Amino acid sequence: MLRIDSLSKRYPTGDMALKGVTLEVPDGQVMALIGPSGAGKSTLIRCINRLVEPTSGSVWLNRVDLTRLNTRELRQARRKIGMIFQEYALVERLTVMENILSGQLGYVNFWQSWFRKFPQATLDEAFRLLDRVGLSDFPDKRADALSGGQRQRVGIARALLQNPELLLVDEPTASLDPKTSRQIMRLINELAAERGLSVIINIHDVPLAQMFAQRIVGLRFGEVVYDGPPNRLTPSVLNEIYGEEDWNASGPAQDLEEAESVSAGVAAH
Ligand SMILES: Nc1ncnc2c1ncn2[C@@H]1O[C@H](COP(=O)(O)OP(=O)(O)OP(=O)(O)O)[C@@H](O)[C@H]1O
């Protein structure tokens, strides 16, 4: 279980990106983090694994307060946190399998790592995961020949190979088509249930978050303004998270109707 307690972050620029966020994410729960640009979603995710140092508050992963660890202890603790971030994208010239194993290079000794020689158990598990994410036909395909969805699947397998307790996922569907986005969200969901993983997903696509997350947390100006099930995310709650907008309006279609009635009016005169 992950417990975030009164977490705040002030950047050196003075921006108060998080203002006392308190949350618990139980094992097996997929939590979607939504909110407008600048709300503090990325900062929150990055404060959990201390890619960004929190200013105050604590982050407990099971019995360990991550905010109190020294560099060496933090390196150990991060093994329990799988990260699927854009900046940990794949090494283009390496194969699918090499990319999946690349996350393990820090965990084998120098010579094993030099020869890319991994323990048999790690290799077996890598092939199992490859199959689980639906890529068993492509272990030798180079990363630069993969589609966006396949790349995400490699990233997921790589993160899972370290057998994490927590998965932090940053915008997993940003560059995917709607069908692939659903498939990736479904896969993350299934894996969380199978492995009892806590998952936090930073996602802009609210309908997708509603469809696949068991819980939604809405951030605004660094504060939690909604924390509840997807089906209670009403237009008024969305207004509170994102600011005023007509969430039921069909947008361009309505504009088109208006434009048509105006031009019809013009034609009638
Ligand atoms: N490295 C930084 N230095 C200074 N201020 C920062 C830094 N990173 C983020 N901020 C500020 O912190 C606040 C929260 O930013 P953050 O990137 O966490 O928001 P976000 O919700 O993830 O936005 P987006 O959806 O656009 O990615 C913003 O006001 C932003 O300008």
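A residue counts as near the ligand if its C-beta atom, placed from the backbone, lies within 6 Å of it. With that cut-off, helix α1, residues 41-48, gives the most to the shell around the ligand, with three residues. This is a predicted model, and the tour starts with its confidence.

**Whole model**

Colour the protein by pLDDT. The average is 88, and 88% of the residues score at least 70. Now select residues 261-269. Here pLDDT stays under 50, and the model has zero contacts beyond four places in sequence for this stretch. For the complex, the predictor gives an ipTM of 0.97 and a pTM of 0.88.

Switch to a cartoon view. The protein has ten helices and ten strands. Of its 269 residues, 32% are buried. Among contacts with a separation of 6 or more, 67% are between residues 24 or more positions apart.

**Ligand shell**

Select the ligand and show the residues around it. Tyr11, Thr13, Asp15 and Ala17 are among them. Further along the chain, the shell includes Gly35, Ser37, Gly38, Ala39 and Gly40, as well as Lys41, Ser42 and Thr43. Coloured by class, the shell shows three nonpolar, seven polar and two charged residues.

**Helix α1**

Next, select residues 41-48, which form helix α1. Seven of the eight residues of α1 are buried, so the helix is largely enclosed by the rest of the structure. Lys41 and Thr43 are buried, and so are Leu44, Ile45, Arg46, Cys47 and Ile48. Past the helix, pick arginine 50, which has a positive phi, near 60 degrees.

**The six-stranded sheet**

Hide the side chains and find the open sheet of six strands. Its order is β6-β7-β8-β3-β9-β10, and the pairing is mixed. At the edges are β6 (81-84) and β10 (223-228), each of which pairs on one side only. From one strand to the next, the twist averages 20 degrees.

Two helices pack on this sheet. Select residues 178-195 for helix α7, which touches β3, β7 (166-170) and β8 (198-202). The direction of α7 makes about 135 degrees with that of β3. Then select residues 235-242 for helix α9, which touches β3, β9 and β10. The direction of α9 makes about 155 degrees with that of β10.

**From β6 to β8**

Start at the edge strand β6. Ile81 and Met83 point one way from the strand and Gly82 and Ile84 the other way, and all are buried. Strands β6 and β7 run parallel and are joined by four bridges. To see the register, pick isoleucine 81, which stands opposite leucine 166 in β7. Isoleucine 84 stands opposite valine 169 in β7.

Move on to β7. Are the residues of this strand buried or exposed? Five of the five residues of β7 are buried, so the strand is largely enclosed by the rest of the structure. Leu166, Leu168 and Asp170 point one way, while Leu167 and Val169 point the other way. Five bridges join β7 to β8, and these two strands run parallel. Leucine 167 stands opposite valine 199 in β8.

**Serine 198**

Stay on β8 and pick serine 198, which has its place in that strand. Why does serine 198 count as buried? A residue is buried if 20 or more other C-beta atoms lie within 10 Å of its own. Serine 198 has 23 other C-beta atoms within 10 Å, so it is buried.

Show what serine 198 touches, leaving out residues up to four places away in sequence. Met1 and Leu2 are among these contacts. The contacts also include Val25, Pro26, Asp27 and Gln29, together with Glu165 and Leu166. For a distance back to the ligand shell, select glycine 40, one of the residues surrounding the ligand. Serine 198 and glycine 40 are 158 residues apart in sequence and 20 Å apart in space, C-alpha to C-alpha.

**β3 and β9**

Finish at the pair formed by β3 and β9. Select residues 30-34 for strand β3 and residues 215-220 for strand β9. The two pair in the parallel sense over four bridges. Pick leucine 33 to see one of the matches: its bridge partner in β9 is valine 217.

Technical notes. Residues are numbered from 1 along each chain as its sequence is written. This is a predicted model: local features need pLDDT of at least 70, side-chain atom pairs count only at pLDDT 80 or more; totals for chains, interfaces and linings use all residues. Ala, Val, Leu, Ile, Met, Phe, Trp, Tyr, Cys and Pro count as nonpolar, Asp, Glu, Lys and Arg as charged, and the others, Gly among them, as polar. A residue is buried if 20 or more other C-beta atoms lie within 10 Å of its own, exposed if 12 or fewer, and partly exposed in between; C-beta atoms are placed from the backbone. Two residues are in contact if their C-beta atoms, placed from the backbone, lie within 7 Å. Two strands pair if DSSP finds at least two bridges between them. Axes are lines fitted to C-alpha atoms, for helices over the stretch in contact, and angles run from 0 to 180 degrees between N-to-C directions. pLDDT is the predictor's confidence in each residue, from 0 to 100.
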